[in-house]
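These are my notebook entries on what I looked up, written in the order in which I worked. I began with the chains as wholes and went on to single residues.

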Amino acid sequence: MIALTSPIETPWHRLPAGPKLALLCAVTLGLVLTGSLSVQLGALAAVAGLYLLPGRDFARAGLWALRPLIPFLVVIFLWHWFTETALQGAGIAARLLAAVGLANLVTMTTRLDDMIGVLRRVLAPLRRLGLRTGALEIAIAMVIRFIPVLAIKGRALTEAWRARAKGRPGWRVVAPFTLLAIDDAEHVAEALRARGGVPR
Amino acid sequence: MERNVALIALFAALIAALGLIPQLVLPFGVPVTAQSLGVMLCGTVLGARRGALAVLLFLLLVALGLPLLAGGRGGLGVFAGPTVGFLVGFPMAAFTAGLIMERWRAVPVLWAAIAGSILGGIVVLYIPGIIGLALVAGMTLPAASAAMLPFIPGDLVKAGLTGVITAGLARARPDSLLSRR
């Protein structure tokens, strides 16, 4: 499993994850609340600067991650152009691009372990209230481990289908695939119990 | 406890694994991602509470930075994007589908799962979805609702498929449907 963290080292990688996430929340909230065009365009320019500072390759990777947004940006711009003004459309599109760009930047420059570290710190107070956070932590580890396992089993199911029938396997492989997941869960549950159960 | 944790984790992984499958083309030529089928199956198979928790766990891993959404998307950016409402609605949709399965015990699995998927995967899912789109895109609610209309036929087909798959599971292994136990 490859996380979305960028392999290109940037100064942003060295910032601690907690404050980075807090700043992201504050800026996103600010962007949602503001209606000012200059703030929206300024935010977009600032986010673009954050991407460009570490170099061209990093900025290109960042742009690539924003690709799925293009159709939305076009529709939003056109809709606002027709109902109000083009300028307003540009402002809202800029706000969206800036907010998603900044969030992507945090994901690209924060390692998975550091993210999980922040999660653990956020959950610590709940732990004192008696919630079993160990269950969540082991569940996260299990999902990360089992995605590739299920992907391989899914591929085997698809190949078996191709050996028997013509055409692409459609939704019919989903039911046996789900059964495989249920079986795996039963085995894992047994293994967990044998090793002392879910940690507190 | 162990069994619940394992089932929730494995179904979260199942949603992700279904997202890796390229788009399915349904009999009517409607392209759908298998991923949203996975979300509905969490509800119809695991039941309301466990199903919603499995979807939440999946979303948590997306937020932590894994590219698990269909098309390899993920990270915090998707929670700032125009489809954020649908992500918020996913666990609610699974919960609703599971609740219908648990409550309507007299109704055959096929029909309960179809009804649950329509109520969860269309009615309940589209409310936060439309609100999210309206907020992020600065559109009015009626305009945002109209933008969603083209997706309804595909979602109806998907609800039918969820029903057929859930009923198939019930036939192949009756005790696998935890929502009915």
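Entry 1, a yardstick. The radius of gyration is taken here over C-alpha atoms, and the globule rule sets its expected value at 2.2 Å times the number of residues to the power 0.38. I note at the outset that this is a predicted model.

Entry 2, overall form of chain B. I applied the rule to chain B: for 181 residues a compact globule would have a radius of gyration near 16 Å, and chain B has 16 Å, which agrees. Along the principal axes, the C-alpha atoms of chain B fill a box of roughly 45 × 30 × 30 Å. I then looked up burial and found that 63% of the 181 residues in chain B are buried.

Entry 3, elements of chain B. I counted seven helices and two strands in chain B. Read from the N terminus, the order is α-β-β-α-α-α-α-α-α. As to contacts with a separation of 6 or more, 67% of those in chain B come from residues 24 or more positions apart.

Entry 4, surface and charge of chain B. I recorded an accessible surface of about 6600 Å² for chain B, with 73% of it belonging to carbon and sulfur atoms. Chain B carries 11 positive and 4 negative charges, and the mean positions of the two sets are 3 Å apart.

Entry 5, elements and form of chain A. Chain A has eight helices and zero strands. Its order from the N terminus is accordingly written α-α-α-α-α-α-α-α. The radius of gyration of chain A is 23 Å, well over the 16 Å that the globule rule gives for 200 residues, so chain A is more spread out than a compact globule. I took the box along the principal axes as well: the C-alpha atoms of chain A fill roughly 60 × 55 × 35 Å.

Entry 6, burial and contacts in chain A. Of the 200 residues of chain A, I found 40% to be buried. Among contacts with a separation of 6 or more in chain A, 69% join residues 24 or more positions apart.

Entry 7, surface and charge of chain A. The accessible surface of chain A is about 11400 Å², and carbon and sulfur atoms hold 68% of it. I listed 23 positive and 11 negative side chains in chain A, with the centres of the two sets 2 Å apart.

Entry 8, aromatic pairs. How many aromatic pairs are there over all chains? I counted four. One of them joins B:Phe86 and B:Tyr126, edge-to-face, at 5.6 Å centre to centre and with 85 degrees between the planes. B:Phe86 lies in helix α4 (residues 84-103) and B:Tyr126 in helix α5 (residues 109-137) of chain B, so the pair ties together parts that are 40 residues apart in sequence. I checked the cover of both partners. B:Phe86 is buried at a relative accessible area of 14%, and B:Tyr126 is buried at 7%. In chain A, ring pairs link A:Phe77, A:Trp81 and A:Phe82 into a cluster.

Entry 9, A:Arg172. I located A:Arg172 in the loop between α7 (133-164) and α8 (174-194) of chain A. Is A:Arg172 buried or partly exposed? With a relative accessible area of 49%, A:Arg172 is partly exposed, because the range for that class ends at 50%. I also looked up its distance to A:Trp161: the two are 11 residues apart along the chain, and their C-alpha atoms are separated by 9.4 Å.

Entry 10, A:Ala141. I placed A:Ala141 in helix α7 of chain A. A:Ala141 counts as partly exposed, at 45% relative accessibility. From A:Ala141 to A:Asp114, 27 residues apart along the chain, the C-alpha separation is 14 Å.

Entry 11, B:Gly154. In which helix of chain B is B:Gly154 placed? I found B:Gly154 in helix α7 (residues 152-172). B:Gly154 is buried, with a relative accessible area of 8%. I noted B:Gln35 as a reference point: B:Gly154 and B:Gln35 are 119 residues apart in sequence, and 13 Å apart in space from C-alpha to C-alpha.

Technical notes. Residues numbered from 1 in each chain as written. Chains lettered and ligands numbered in written order. Predicted model: local features only at pLDDT ≥ 70, side-chain atom pairs only at ≥ 80, totals over all residues. Heavy atoms only, no water. Buried < 20%, exposed > 50% of the residue type's maximum accessible area, 1.4 Å probe, protein only. Contact = heavy atoms within 4.5 Å. Areas by Shrake-Rupley, 256 points an atom, 1.4 Å probe, with all protein chains shown as cover. Lys, Arg positive; Asp, Glu negative; His and termini not counted. Charge placed at Lys NZ, Arg CZ, Asp CG, Glu CD. Phe/Tyr/Trp six-rings, centres within 6.5 Å; stacked < 30°, edge-to-face > 60°.
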